[in-house]
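This report describes one protein chain for a reader who is new to structural analysis. Please keep the sequence and the three-dimensional view at hand while reading.

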Amino acid sequence: MDDQLFKKILFDYTRNIGENANAFFQRIGTRYNLTVMQIRILMELYHNNTHTMGSLASRMQIAGANISTICKKMEQRGFVKRTRDSFDERIVRIELTEKGNLLMEEINEMIDRVIMNALARESVESQKIIVEGLLKFNALLERIVEEQKK
């Protein structure tokens, strides 16, 4: 395949996947009065328990000041709890509250239903091809990122 065509396809599909994922999460967010970024943060905490503000900012790839503002709003709504580390007060830990966990269980069940509904229309072979393609695509992107670091 021509390098320029491959680059165009790579950029186009990366953008399309991001736009479709955002549209999907935006519909969920509208239902719960949450932004896409708030949903992403809540999902990260739901699946990985606790973070420091720094590790969460890094994981979400946004500035620390921005993550702090977003989390403060979610704390006011009772979804997350921020606490200072007892050994180093510069470190702030963040985790879901019971209310946040209940919300994420509901959102997670909704996501599962939507995904299962979509997958039901795909053959097992098609599902395997999709997963293999995504794994290869991700591996390619990881190699590109590693090359940029050099």
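The following paragraphs treat the overall architecture, the sheet, the nonpolar core and a few individual residues of a predicted model.

## Overall architecture

The chain contains six helices and three strands. From the beginning of the sequence to its end, these elements follow the pattern α-α-β-α-α-β-β-α-α. The C-alpha trace spans about 55 × 45 × 25 Å along its principal axes. Of the 150 residues in the chain, 26% are buried. The surface that the chain exposes amounts to about 10900 Å², and carbon and sulfur atoms supply 54% of that area. Contacts also link distant parts of the sequence: among those between residues at least 6 apart, 49% join residues at least 24 apart.

## The sheet

The three strands form an open sheet in the order β1-β3-β2, with antiparallel pairing. Its edge strands are β1 (51-52) and β2 (80-84), each of which pairs on one side only. Two bridges connect β1 with β3, and here H51 stands opposite I94 in β3. The pairing of β2 with β3 is likewise described as antiparallel and extends over five bridges. In β3, the residue opposite K81 is E95.

Which residues of β3 point to the buried face, and which to the other? The side chains of V92, I94 and L96 point to one face and are buried, whereas R93 and E95 point to the other face and are not buried. This arrangement may be read against a general rule: in a regular strand, the side chains alternate between the two faces of the sheet.

Two helices accompany the strands. Helix α2 packs on the sheet and touches β1, β2 and β3, and its direction makes about 85° with that of β3. Helix α4 lies across β2 and β3 and runs at about 120° to β2.

## The nonpolar core

In soluble globular proteins, nonpolar side chains tend to be buried together. In this model, the largest nonpolar core has 28 residues, and those with the most contacts inside it are I41 and L42. The elements that each give two or more residues to this core are α1 (3-32), α2 (36-48), α3 (53-60), α4 (64-76), β3 (92-96) and α5 (98-119). Helix α2 gives the most, with six residues.

What does I41 touch, if residues up to four places away in sequence are not counted? The partners of I41 are L56, M60, I67, I70, C71 and M74.

## An aromatic pair and a neighbouring position

A pair of aromatic rings is described by the distance of the centres and the angle of the planes. The count for this chain comes to one aromatic pair. The pair consists of F24 and F25 and is edge-to-face, with 5.1 Å from centre to centre and 65° between the planes. The angle is classed in this way because planes over 60 degrees apart count as edge-to-face.

The two rings belong to residues with unlike classes of exposure. F25 has a relative accessible area of 15% and is therefore buried, the limit being under 20%. F24, at 24%, is partly exposed.

Another residue to examine is N22, which lies in helix α1. N22 is partly exposed, with a relative accessible area of 40%. Although N22 and V36 are 14 residues apart in sequence, their C-alpha atoms are 6.6 Å apart in space.

## Two loop residues with positive phi

Most residues other than glycine have a negative phi, and most peptide bonds are trans. Against this background, N33 deserves attention: its phi is positive, at about 55°, although N33 is not a glycine. N33 is placed in the loop between α1 and α2. Q61 also has a positive phi, of about 60°, and is not a glycine. The place of Q61 is in the loop between α3 and α4.

Are N33 and Q61 buried or exposed? N33 is exposed, with a relative accessible area of 59%, and Q61 is exposed as well, with a value of 72%.

The table collects the relative accessible areas of the residues discussed individually.

| Residue | Relative accessible area | Class |
|---|---|---|
| N22 | 40% | partly exposed |
| F24 | 24% | partly exposed |
| F25 | 15% | buried |
| N33 | 59% | exposed |
| Q61 | 72% | exposed |

Technical notes. Residues are numbered from 1 along each chain as its sequence is written. This is a predicted model: local features need pLDDT of at least 70, side-chain atom pairs count only at pLDDT 80 or more; totals for chains, interfaces and linings use all residues. Side-chain values use heavy atoms; hydrogens and water are left out. A nonpolar core is a set of buried Ala, Val, Leu, Ile, Met, Phe, Trp, Tyr and Cys residues joined through side-chain atoms within 4.5 Å. Buried means under 20% relative accessible area, exposed over 50%, partly exposed in between (1.4 Å probe, protein chains only). Helices (H or I, at least four residues) and strands (E, at least two) are DSSP runs, numbered from the N terminus. Contact means heavy atoms within 4.5 Å. Two strands pair if DSSP finds at least two bridges between them. Axes are lines fitted to C-alpha atoms, for helices over the stretch in contact, and angles run from 0 to 180 degrees between N-to-C directions. Accessible areas come from the Shrake-Rupley method with a 1.4 Å probe; for residues, only the protein chains shown count as cover. Rings of Phe, Tyr and Trp (its six-membered ring) pair if their centres lie within 6.5 Å; planes under 30 degrees apart count as stacked, over 60 as edge-to-face and the rest as tilted.
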